[in-house]
Amino acid sequence: MTTAIDTMTLADLLRQAAKAEILPRFRRLGSRDVRAKTEATDLVTEADEQAERMLKAEAARLWPEALFIGEESVSSDPALLHKLDGADLAVVVDPVDGTFNFASGIPAFGVMASVVSKGETVAGIIYDPMGDDWVMAEKGGGAWLRRPDGEAERLHTAAPVALDQMVGMASTGYLPQEKRAVILGNLAKVRFLTNYRCAAHEYRTFAGGHVHYLMYNKLMPWDHLAGTLISQEAGAYAARFDGSPYLPHHLDGGLLITPDKASWEVLRREVFTV
């Protein structure tokens, strides 16, 4: 699908912001450069804010008709988030996904962006500053690992396996307290459960065919729009817990992503019984 926003231009902007504002601060943050937002593990750093400021300015210059939704912009102006559903065109950005890792000196963080057109995600990009490459997709065009030298590799999800052989990732921290213990117990039915505290790398790992499921409960658009589209273009089945499609304006209802619908149904019935 051709979008009004050139995907490779947007991808290069993510790389520029990472090189200018994020990587120079990695493992060099001072005590005043890191702040907690809603809780001790919900952090924002100077890298997040400066990278988003750069991306916002460049997006406004290149695509002045597009609404810009950034995680830190919404943190300052929550009403901005509600404009996404009615926007003809929007760019949604997470300047540093995995901020806890970044602030802790762990090299598992990413820069994400998606393009939303009339309520539909039409492009998604996840840039890894440490590996200097992108995982990206345009709707209908497949999912791709791309490198700055032009090399490209098409991505495919893993083949389905039995429940007791499934390896995957689940973010259980935002589940209701009464459901969390049940689901954590249910996860004994799968082979392995892990969590990177970084949706960018979790989606990259899934789209590359290395794991069999992803589960999230809190659905902020900058965290999940790009990765969900990339996963679907790699062959995945994705739906909210009630079986409905995940759309850009959804903030709750959970999200489960698997290689196929049969795997989704098994995990929903046997493990994620919310």
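In which strand is Glu120 found? Glu120 is found in strand 6, where helices (H or I, at least four residues) and strands (E, at least two) are DSSP runs, numbered from the N terminus. The model shown in these views is predicted, with local features requiring pLDDT of at least 70 and side-chain atom pairs counting only at pLDDT 80 or more, whereas totals for chains, interfaces and linings use all residues. Residues are numbered from 1 along each chain as its sequence is written, and side-chain values use heavy atoms, with hydrogens and water left out.

**View 1. Glu120 and its surroundings in strand 6.** With a relative accessibility of 33%, Glu120 counts as partly exposed (buried means under 20% relative accessible area, exposed over 50%, and partly exposed in between, with a 1.4 Å probe and protein chains only). Leaving aside residues up to four places away in sequence, Glu120 touches Val115, Lys139 and Pro248, contact being defined as heavy atoms within 4.5 Å. Between the C-alpha atoms of Glu120 and Arg35, which are 85 residues apart along the chain, the separation is 33 Å. Lys118 lies in the loop between strand 5 and strand 6 and has a phi near 50 degrees, a positive value in a residue other than glycine; Lys118 is exposed, at a relative accessible area of 62%.

**View 2. Helix 1 and the elements that cover its buried residues.** Helix 1 comprises 16 residues, 7-22, and reaches 21 Å from its first C-alpha to its last, close to the 22 Å expected at 1.5 Å a residue; the expected span is 1.5 Å times one less than the number of residues. Its buried residues are Thr7, Leu10, Ala11, Leu13, Leu14, Ala17, Ala18, Glu21 and Ile22. Because they cover an arc of only 155 degrees around the axis, they lie on the same side of helix 1, the arc being that of the directions from the helix axis to the C-beta atoms. An α-helix has 3.6 residues a turn, so residues three or four places apart point the same way. The cover over the buried residues of helix 1 includes helix 2 (46-62), strand 4 (89-97) and helix 4 (99-104), and also strand 5 (110-117), strand 6 (120-128) and strand 7 (133-138). In the loop between helix 1 and strand 1 (34-36) is Arg27, a residue other than glycine with a positive phi near 60 degrees, and at 59% relative accessibility Arg27 counts as exposed.

**View 3. Strand 3 and its parallel pairing with strand 4.** Strand 3 (residues 67-70) is covered on both faces, with Leu67 and Ile69 buried on one side and Phe68 and Gly70 buried on the other. Strand 3 and strand 4 run parallel and are joined by 4 bridges, two strands being paired if DSSP finds at least two bridges between them. One of the bridge partners in strand 4 is Ala90, which is matched with Leu67.

**View 4. Strands 7, 8 and 9 with their hairpin turns.** Strand 7 and strand 8 pair in the antiparallel sense over 4 bridges, with Ala143 in strand 8 as the bridge partner of Ala137. Their hairpin has 4 residues between the strands, and Gly140 takes a positive phi near 85 degrees. Side chains alternate along strand 8 (residues 143-146), where Ala143 and Leu145 point to one face and are buried, while Trp144 and Arg146 point to the other and are not. Strand 8 also runs antiparallel to strand 9 (residues 152-154), to which 3 bridges join it, and Glu153 in strand 9 is the bridge partner of Leu145. In this second hairpin, formed by strand 8 and strand 9, 5 residues lie between the strands, and Gly150 in the turn has a positive phi of about 95 degrees.

**View 5. Helix 6 within the rest of the structure.** Since 9 of the 9 residues of helix 6 are buried, this helix is largely enclosed by the rest of the structure. Among them are His201, Glu202, Tyr203 and Arg204. Gly209, which follows helix 6, has a positive phi near 85 degrees.

**View 6. Tyr213 in strand 12 (residues 213-216).** Tyr213 counts as buried, at 0% relative accessibility. The C-alpha atoms of Tyr213 and Ala170 are separated by 7.9 Å, although these residues are 43 residues apart along the chain.
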